[in-house]
Amino acid sequence: MIKEIKNLTTIEEVVRFYGFNIRNKRFICPFHDDTRPSAVFSEKLNMFKCFSCGSGGDAIQFVAKLHKIKQIEAAEKINVDLNLNLSKNEKKNKKAIKCNSILKIKKNILEEKFESVLKLYKRFESVDAAYSNFLENKLLELIELEVF
Ligand SMILES: [Zn+2]
């Protein structure tokens with residue numbers, strides 16, 4: 001079911017569904033004491049990443065972490081909450097699975113890029129707040145252009 005959920009939902013709709021306001025692909029991170037939106041999501045990667053605490057993952061990992069439940073329980077919760085009507089019978093869901101190997105390879109390349117951008121950001125994190133904001137905006141521009 002986990003695979004089907006990942007294919008049928010987007011990180012954005014799941015984050016929004018559980019009550020988070022999203023602005024410019026960013027939202028207040030629920031996994032640390034966040035005051036400005038530090039969590040960013042990528043539509044292409046279908047995952048989120050928090051630039052402050054480092055939390056990240058797909059929609060299922062987000063819900064699992066949010067409700068402190070196992071991933072399979074999170075998958076079932078999303079299935080019920082978002083009315084996905086997925087069956088527990090994997091075979092019945094085969095039609096819903098869009099397995100595209102080229103897309104997977106692209107996803108891996110994008111994930112690597114995302115990680116390297118994150119490392120770059122972290123290196124500058126100790127610099128003062130104004131400069132950090134500047135860097136963050138630059139970073140988001142960069143992500144928009146190259147990764148997202
Ligand atoms: Zn965080």
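In which strand is Gly56 placed? In this predicted model, Gly56 belongs to strand E4, which spans residues 56-58. Gly56 counts as buried because 23 C-beta neighbours lie inside 10 Å, where 20 or more are required. Setting aside residues up to four places away in sequence, Gly56 touches Met47, Phe48, Lys49 and Cys50. The C-alpha atoms of Gly56 and Phe41 are separated by 8.9 Å, although these two residues are 15 positions apart along the chain.

The surroundings of Gly56 form part of a protein with 6 helices and 4 strands, arranged along the sequence in the pattern α-α-β-β-β-β-α-α-α-α. Of its 148 residues, 22% count as buried, and among the contacts with a separation of 6 or more, 53% join residues that are 24 or more positions apart. The average pLDDT of the protein is 80, with 70% of the residues scoring at least 70. Confidence is highest in helix H3 (residues 59-67), with a mean of 96, and lowest in helix H6 (residues 129-147), with a mean of 66. Where pLDDT is low, the predicted coordinates should not be read in detail.

A second buried position, Cys29, is found in the loop between strand E1 (26-27) and strand E2 (39-42). Cys29 is classed as buried because 24 other C-beta atoms lie within 10 Å. When residues up to four places away in sequence are not counted, Cys29 touches Asp34, Ser38, Ala39, Cys50, Ser52, Cys53 and Ser55. Cys50 is thus listed among the residues touched by Cys29 and also among those touched by Gly56. Between Cys29 and Phe51, which are 22 residues apart in sequence, the C-alpha to C-alpha distance is 9.2 Å.

Helix H3 has Ala59, Ile60, Phe62, Val63 and Ala64 as its buried residues, and what covers them includes H1, H2, strand E3 (47-50), E4 and H4. The helix is followed by Lys68, whose phi is positive, near 50 degrees.

The packing of H3 with helix H4 (residues 71-81) can be described further. The axes of these two helices come within 8 Å and cross at roughly 105 degrees, which means that H3 is roughly perpendicular to H4. By class, the contact of H3 with H4 comprises 7 nonpolar, 3 polar and 1 charged residues. On the H3 side, the residues that meet H4 are Ala59, Ile60, Gln61, Val63, Ala64 and His67, and their counterparts in H4 are Gln71, Ala74, Ala75, Lys77 and Ile78.

Within H4, the buried residues are Ala74, Ala75 and Ile78. Seen down the axis of H4, these buried residues fall within an arc of 105 degrees, so they line one face of the helix. They pack against helix H1 (2-8), helix H2 (11-17) and H3, while the face of H4 turned away from the buried side carries Ile72 and Val80, both of which are exposed. Just after H4, Asn83 takes a positive phi of about 50 degrees.

Note on methods:
Residues numbered from 1 in each chain as written. Predicted model: local features only at pLDDT ≥ 70, side-chain atom pairs only at ≥ 80, totals over all residues. pLDDT = per-residue confidence, 0-100. Buried ≥ 20, exposed ≤ 12 C-beta atoms within 10 Å, placed from the backbone. Contact = placed C-beta atoms within 7 Å. Axes fitted to C-alpha atoms, helices over the stretch in contact; angles between N-to-C directions. Parallel < 35°, antiparallel > 145°, perpendicular 65-115°, else oblique. Nonpolar A, V, L, I, M, F, W, Y, C, P; charged D, E, K, R; others polar. Arc of directions from axis to C-beta.
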